[in-house]
Amino acid sequence: MKVDERGFEDAIEAALLAAGYLKSVPSHFDPVQGLDTAELFAFIGATQITEWEMLLARYGNDPDAAQRGFAKRLAAELDARGTVEVLRRGVVDLGVTIRLAFFQPAHGLTPELQELYAANRVSVTRQLAYEPGSTKTLDMVLFVNGIPTATAELKNPLTNQSVEHAIGQYRSDRDPANITLARRALVHFAVDPDRVAMTTKLAGQATQFLPFNLGQAGGAGNPPNPAGHRSAYLWERVWARDAWMDLLARFIHVERPSQGTPAARRAAERVVFPRFHQWDAVLALETHAREHRAGHSYLVQHSAGSGKSNTIAWTAHRLSSLHDDSNQKVFDKVVVITDRVVLDRQLQETIYQFEHTRGVVVKIDKDSTQLAEALAGEQARIIVTTLQKFPFVLDKIAGLPARQYAVIVDEAHSSQTGEAAKDLRLALGASDETELTAAEAEDAGFIAEAIDPVEEALAKAVGARGRQANLSFFAFTATPKARTLEMFGTLDPETGKYQPFHLYSMRQAVEEGFILDVLANYVTYQTYWRIEKAVENDPTYEAPKARRAIARFVSLHPSNLAQKAEIVVEHFRTHTASKISRQAKAMVVTSSRLHAVRYKQAIDAYIAKRGYVDLAALVAFSGRVIDEHDLSYSEAGMNGFPESQTAERFATSDYQVLIVAEKFQTGFDQPLLHTMYVDKVLTGLNAVQTLSRLNRIHPNKADTFVLDFRNETEDIVKAFEPYYGRTVAPPTDPNLLFDTRRRLDDFDVLRPEEIEATVALLLAGDTKSHGKVYAALDPAVERFTSLVEEDRLAFKDALDRFVRTYSFLSQVVAFGDSKLERDYTYCRALAARLRDAATVERLDLGTEVELTHLKTEMTFEGSLSLDADSGEVKTIFGEGRGAKADPQLEHLSEIVDELNERFGLDLDERDQLLFDQFEETWAADPQVVDQARSNTLENFRLVFDHRFIDTVVSRMDENEAIFKRILDDEEFRQVLMDLYARRVYRKARRLTGER
């Protein structure tokens, strides 16, 4: 047995020839033109004899001249248009069109097309001399009708050669400008018996090879293959004759820049060849849909960085032309639901390359009428829209013909499992049959009286929930929630849990280098602080509220933010600025819009104070923020340009730091983002989605960094683990719905007669009923507001739980109960009515406590390791009812002591007493008091800072160590001046009766 490289070649070639490949002769290859002319003219002679005779006549009936002329014309067209375009569209020579390939038709209704497809000459050549005047050879080349489509270098670890050696050979010993490698072959494979890598463009040492493996145990690599080589799937599945022709016809596409000169655009073209998990997922979805037709749901869990946009585009195109084994079309329309503009453009361009027909893809960018027309029309096969448009189309599609729909949901989360998703089912669902059955029953005398229109509308809504026989959902997400898994996932009968139909895990994506590990470089900081009462009396407060109020006071304190701003700026300048070839950017994640405003002010102030000119920050938050001084802030106002430009401006070299509150924490794709400063509690999926903003790869990006002020490392690991491998979810108990509804009756807010009257008005759809709806809801609102605060909180929680639970469970469980639908409709309206009700007033203790000590220091530095193969998420509704208890009241002094004990800084009390003496001196000075009374705090600081230093210098002899620190340590000095300026200012103004 030969265990060398030649033996490996023999095995692959034998498998291909046995599966229908032809063996072409290396000597028939013309390396100048990059063509195997023997295979080329054998194909033309077998498929287009009439066209060839026409062309032969135009070459003066000289066969040699005709072959030389056409080969030259073909080579020129391949150079100008590329292999993909020529294989799909053919070549015109002297007015005669010659096809270069025939692809498998979508159905079997045209036998002549099947015969032409069978006549393609798909061949393999070994040891191909591809360079004129050179003895260099390629181990293996795949040809289609004489045109090279793929090359491969094969290595054998038993002779100390591996896939890395094949990659090195392509990078160092293969001319990237060679006609066969650069202008003919579409993809190049590096192969050994265990692993595969591929690239679509050779660029010397800069060539980027991507893994092309099955994955093993949720990670990189390939599993053992009892029948042979681990990498056998490459030639047995991917290179299989039908699969390879299908890849050329309906997968490979060319990305072209939309701007620049034709030559520049041509030079910047990029061939896109599917990664293995993309190809495998699309074919698996297509195969199941072909066999089972409409009426099924599929969840594709593909990690961030997995290329979901291309996977969705390929899926949409294939579903739009899918026929079953009986040659019946499976789906009449494909509806792609997305909020990403780039996906629409990608769909348009990709599918145009496949079909060369405009109008196949229609983007709904006007109104619901446009959507209704696209659904009803014949031309549009793929419709791109947003979920929000579906509720408005219901009244426009009464005459919509019965059709089968494939609905592709981009980034499937709970937004696709709520009310808008029900409206989508009403728009596309097969409700005609239900209505016909009701009409037949009435005609037959089974219904004694006319159907109540309100009841009918409710029944229609109930019928729309749940699976529809004419709808298939294809949902794509990297981080599926439990609701998403229950809605779109596949129930595993062995485990009793829902799981994704297809998986490409975060772990595999990290190990294969398609995304970066955002937990590999993680640092946590802890802020230690002490507070004191600033009032003489000792009031009582509900302890939990007081703790939250004090924590918010500390988090927004100027001294706290000043320290963190300095840490952020100095860390960025010292560590991050040099990353990604000095293009690196950072994000500051804050816990509220006001925190974002204060961070922006603190960072800008620190940059200005230090005179830095190489760093600038932007802020991003929604709406307007009103602070405690009634000052108003907006994103546009703080940045100096419209908020629609924030992402674009951040991408330029003018800005390095983006401060965010909610915005840009999900769906923001910026490969230059290297560092994240987190000052917000992150839990569960929110933690994963927020930190994953860092994971996008860039040619010069080797790592990421997280500096976390608020979270414990074990909590972050716990958040990531369910999504690191395969995510599963147990089914939700349907009885939870009845439990949550029954819980509402305990508060005596709802009345059956009011529910019926309000729902009738809501379903009437009459604009004149708007005021009547509010009037009908008012009695319940009044009863709600009369509850004590704890009951208001409990009722609002129970109300929201019922609405969420019904919205979800009614889509996965067939209740068929119009009373539940009626109650849901009413409760949904009531919940919206109560949304702005002040159920809890925020406690503000800003004038009753003062920050006396503050220090922020590092508590962890290292890598957070993940190793879970799978993780479970749960849809936990429950009735949420805990034992009632009187609010816990504590004295402010006790609350302060507890917080100091938990979070306090162990400073020397002598230092505190010394500063207290200083404070008393300043507060007793009539000039200082007068300046505080007559000025704003900002203006007061201008004179106080000088007075502070004078006092320190005059007392140096009493405590030289602490004074030396004040004078030498600018950070320490600034914190003290900030602290005591506020304290003295407040005390001085209290003495004069001012605030």
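Let me start with one glycine: setting aside neighbours up to four places away in sequence, Gly20 is in contact with Val122 and Arg241. Gly20 sits in the loop between α1, residues 5-18, and β1, residues 22-23. Its relative accessibility is 38%, so Gly20 counts as partly exposed. There is also a long step in sequence here: Gly20 and Ala240 are 220 residues apart along the chain, and their C-alpha atoms are separated by 8.2 Å.

Before going on, a caution. What you have in front of you is a predicted model, and the values I give are computed from it.

Now the overall picture. The protein chain has 995 residues, and 53% of them count as buried. The chain contains 39 helices and 35 strands. Taking contacts in the chain with a separation of 6 or more, 76% of them are between residues 24 or more positions apart. The Gly20 and Ala240 pair, at 220 residues apart, gives you one example of positions separated along the chain.

Back to the start of the chain, and to helix α1. Glu13 is found in this helix. Is Glu13 buried or exposed? Its relative accessibility is 8%, so Glu13 counts as buried. Leaving out residues up to four places away in sequence, Glu13 touches Lys23, Val124, Arg126 and Met140.

Next, a pair of helices. As a reminder, two packed helices are described by the angle between their axes and the distance between the axes. Here I mean helix α12, residues 276-292, and helix α13, residues 308-320, whose axes come within 10 Å and cross at roughly 30°. That angle makes α12 roughly parallel to α13, and the cut-off for that word is an angle under 35 degrees. The crossing of α12 past α13 is right-handed.

Which residues in α12 and α13 meet? On the α12 side they are Gln278, Val282, Leu283, Leu285, Glu286 and Ala289. On the α13 side they are Asn310, Thr311, Trp314, Thr315, Arg318 and Leu319. By type, the residues of this contact divide into six nonpolar, four polar and two charged.

Further along is helix α27, residues 684-691. This helix is mostly covered, with six of its eight residues buried. The buried ones in α27 are Leu685, Ala687, Val688, Gln689, Thr690 and Leu691.

Now to charges. Side chains of opposite charge can pair when their charged atoms come close. How many salt bridges does the structure hold? There are 44. I will go through a few of them.

Take Arg741 and Asp823, whose side chains meet in a salt bridge at 2.9 Å, N to O. Arg741 lies in helix α29, residues 735-744, and Asp823 lies in helix α33, residues 818-834, so this pair ties together parts that are 82 residues apart in sequence. Both Arg741 and Asp823 are buried.

Asp823 has another partner in Lys819, with the closest N and O atoms 3.2 Å apart. Lys819 and Asp823 are four residues apart in helix α33, so about one helical turn separates them. How do the two compare in accessibility? Lys819 has a relative accessible area of 49% and is partly exposed, whereas Asp823, at 4% relative accessibility, counts as buried. Elsewhere, salt bridges that share partners join Glu9, Asp10, Glu13, Lys23 and Arg126 into one network. That list includes Glu13, the α1 residue I described earlier.

One more bridge: the side chains of Asp746 and Arg743 meet at 3.4 Å, N to O. Asp746 has 45% relative accessibility and therefore counts as partly exposed. Arg743, at 6%, counts as buried.

I will finish in helix α33, with Leu834. Leu834 has a relative accessible area of 2%, so it is buried. What does Leu834 touch, not counting residues up to four places away in sequence? Its contacts are Val781, Phe784, Phe795, Lys796 and Leu799. From C-alpha to C-alpha, Leu834 and Ala780 are 9.9 Å apart in space, and in sequence they are 54 residues apart.

Terms used
Residues are numbered from 1 along each chain as its sequence is written. This is a predicted model: local features need pLDDT of at least 70, side-chain atom pairs count only at pLDDT 80 or more; totals for chains, interfaces and linings use all residues. Side-chain values use heavy atoms; hydrogens and water are left out. Axes are lines fitted to C-alpha atoms, for helices over the stretch in contact, and angles run from 0 to 180 degrees between N-to-C directions. Helices (H or I, at least four residues) and strands (E, at least two) are DSSP runs, numbered from the N terminus. Angles under 35 degrees count as roughly parallel, over 145 as roughly antiparallel, 65 to 115 as roughly perpendicular and the rest as oblique. A crossing is left-handed if the near helix is turned anticlockwise from the far one by less than a right angle, and right-handed if clockwise. Contact means heavy atoms within 4.5 Å. Ala, Val, Leu, Ile, Met, Phe, Trp, Tyr, Cys and Pro count as nonpolar, Asp, Glu, Lys and Arg as charged, and the others, Gly among them, as polar. A salt bridge is a side-chain nitrogen of Lys or Arg within 4 Å of a carboxyl oxygen of Asp or Glu. Buried means under 20% relative accessible area, exposed over 50%, partly exposed in between (1.4 Å probe, protein chains only).
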